[in-house]
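These exercises go with the structure shown below. Each one sets a task and then works through a solution.

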Amino acid sequence: MKYLSLFSGFLFILLGFAMKKAKQNPLFGIRTTWTLDNEENWNRTHQFSSILWIVCGLITTINFFFQSNIIFFSMILIVALGPILYSYWFYRMQLKSGERNKAKYSIISVLFFIIIFLFVGVSLFTGNVKYNCTERVIQIQASQWKDYEIEYKDIQSIHLEKNVEAGIRTFGLGNLKVGMGDFRNDAYGDYIRYAYASCDEYIVIETKNNIVVINDQTEEKTEKLYKEIETHLKKKE
C-alpha cells in the first residue's frame, strides 16, 4: 500500500498521454454513448481527459510523500467521473447548437454508469470498526481489514490524545471514513491504527510489542471506550 500512490500516479500520467491522440476504437478510451456516437465529442473528451489525468497523476505521485487518503481517493474520483461529466456536458452543448441529434441510451451504458458510481461510493465511504472489551482482551473487529486483539496484561500505558496524525500507511486500508492497518508517523514510528476520520480524539495504547491507536466515531464514544478499558485494567492490578 505504501507505493500505491506512486504506481497510480505514474499510471494516470501514462494513460493521460495515451489518451491525447486516441482515435475512436472498440478497446481503449472514454467509451460513453456520447463519445462513441460522435467523433468530435470523442476527440474533445479525450483532449480534456488527457490534461486531467496527467495533472491528477502528478498530484497522486507527489502524494506518495504525504500518504493522504483524502488526496488519493479524490484523484481517483476525479479521473473516473471527470471525463464522463465532460463528455455529457459537451454533448449538451452540441444539442443546443444543433450539431447533433439526441443520443439513444443503451441499457449497458446506464448499467456502466451505475456501477462506476457504486464503486466510487463503496471505495470512499465504507468501512467500520467495532470494539468489544472482554475480561481478558480488547477485541477490534474491522469490516474490511483483519481483526486485532490486545491483551490487558500486555498494556504498559494508555492515554487519550487529540489529532494523532496518521502518517504513512505501510500496509492496510484507508479511505475518507476509516484507516486500518500498519502505519508510520514521526511521533510513534511504526504503529497499528484502527481509527475513524470523523473523530479527532484517539486512544493511544502502548503494549509490549506495539503502539496501537484507536478511536470510535465520536469523541463521546471514544471517551466511553477509554473508560471501559481503564476499568478492566484496574481489575487486573
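Helices (H or I, at least four residues) and strands (E, at least two) are DSSP runs, numbered from the N terminus. The model is predicted.

**Exercise 1. State where Lys23 is placed and whether Lys23 is buried or exposed.**

Solution. Step 1: Lys23 belongs to the loop that runs between helix 1 and helix 2 (33-36). Step 2: the relative accessible area of Lys23 is 58%. Step 3: exposed means over 50%, so Lys23 is exposed. Step 4: from Lys23 to Val55 there are 32 residues in sequence and 21 Å in space, C-alpha to C-alpha.

**Exercise 2. Place Phe17 in the fold, classify its accessibility and list its contacts beyond the neighbours within four places in sequence.**

Solution. Step 1: Phe17 is part of helix 1 (residues 4-20). Step 2: its relative accessibility is 53%, and the cut-off for exposed is over 50%, so Phe17 counts as exposed. Step 3: with neighbours within four places in sequence set aside, Phe17 is in contact with Ser50 and Ile54. Step 4: a separation can be added, since the C-alpha atoms of Phe17 and Glu206 are 48 Å apart, with their positions 189 residues apart along the chain.

**Exercise 3. Compare the span of helix 3 with the expected span, and describe the contact at its start.**

Solution. Step 1: helix 3 covers residues 39-62, which is 24 residues. Step 2: from its first C-alpha to its last it reaches 35 Å. Step 3: the expected value, at 1.5 Å a residue, is 34 Å, and the span of helix 3 is close to that. Step 4: at the start of helix 3, the backbone nitrogen of Glu40 has a side-chain oxygen of Asn38 within 3.1 Å.

**Exercise 4. Decide whether Asn41 and His46 are buried or exposed, and name the residues around each.**

Solution. Step 1: Asn41 lies in helix 3, and His46 is found in helix 3. Step 2: buried means under 20% relative accessible area. Asn41 has 0%, so Asn41 is buried. His46 has 1%, so His46 is buried. Step 3: apart from neighbours within four places in sequence, Asn41 is in contact with Trp34, Thr35, Ser87, Phe90, Tyr91, Gln94 and Arg100. Step 4: by the same rule, His46 touches Met19, Lys20, Ala22, Gly29 and Ile30.

**Exercise 5. Classify Ile150 and Phe171 by accessibility.**

Solution. Step 1: Ile150 is found in strand 3 (residues 148-151), while Phe171 lies in strand 5. Step 2: the relative accessible area of Ile150 is 3%, so Ile150 is buried. Step 3: Phe171 has 42% relative accessibility and therefore counts as partly exposed. Step 4: not counting residues up to four places away in sequence, Ile150 touches eight listed partners by name: Arg136, Val137, Ile138, Ile140, Ile155, Ile205, Thr207 and Val212. Step 5: C-alpha to C-alpha, Ile150 is 34 Å from Ser74, which is 76 residues away in sequence. The C-alpha atoms of Phe171 and Glu201, 30 residues apart along the chain, are separated by 23 Å.

**Exercise 6. State what is notable about phi of Asn163 and where Asn163 is placed.**

Solution. Step 1: Asn163 sits in the loop between strand 4 (155-162) and strand 5 (168-174). Step 2: most residues other than glycine have a negative phi. Step 3: phi of Asn163 is near 50°, which is positive in a residue other than glycine.

**Exercise 7. Describe the largest pocket: its space, its lining and the elements that supply the lining.**

Solution. Step 1: the largest pocket holds about 440 Å³ of space. Step 2: its lining has 22 residues, and Asn69, Ala166, Arg193, Ala197 and Tyr202 lie nearest its centre. Step 3: at least two lining residues come from each of helix 4 (69-97), strand 6 (178-185) and strand 7 (189-196). Step 4: by type, the lining comprises 11 nonpolar, seven polar and four charged residues.

Definitions and conventions. Residues are numbered from 1 along each chain as its sequence is written. This is a predicted model: local features need pLDDT of at least 70, side-chain atom pairs count only at pLDDT 80 or more; totals for chains, interfaces and linings use all residues. Side-chain values use heavy atoms; hydrogens and water are left out. On a 1 Å grid over the protein atoms alone, a cavity is a set of points where a 1.4 Å probe fits but cannot get out, and a pocket is an open set with protein on both sides within 12 Å along at least five of seven lines; lining residues have an atom within 4 Å of a point. Grid points are joined across faces, edges and corners, and a volume is the space filled by probe spheres set on the points. Ala, Val, Leu, Ile, Met, Phe, Trp, Tyr, Cys and Pro count as nonpolar, Asp, Glu, Lys and Arg as charged, and the others, Gly among them, as polar. Buried means under 20% relative accessible area, exposed over 50%, partly exposed in between (1.4 Å probe, protein chains only). Contact means heavy atoms within 4.5 Å. The expected span of a helix is 1.5 Å times one less than its number of residues. A polar contact is a pair of N or O atoms within 3.5 Å; within protein, one must be able to donate a hydrogen and the other to accept it, and residues adjacent in sequence count only if both atoms are side-chain atoms.
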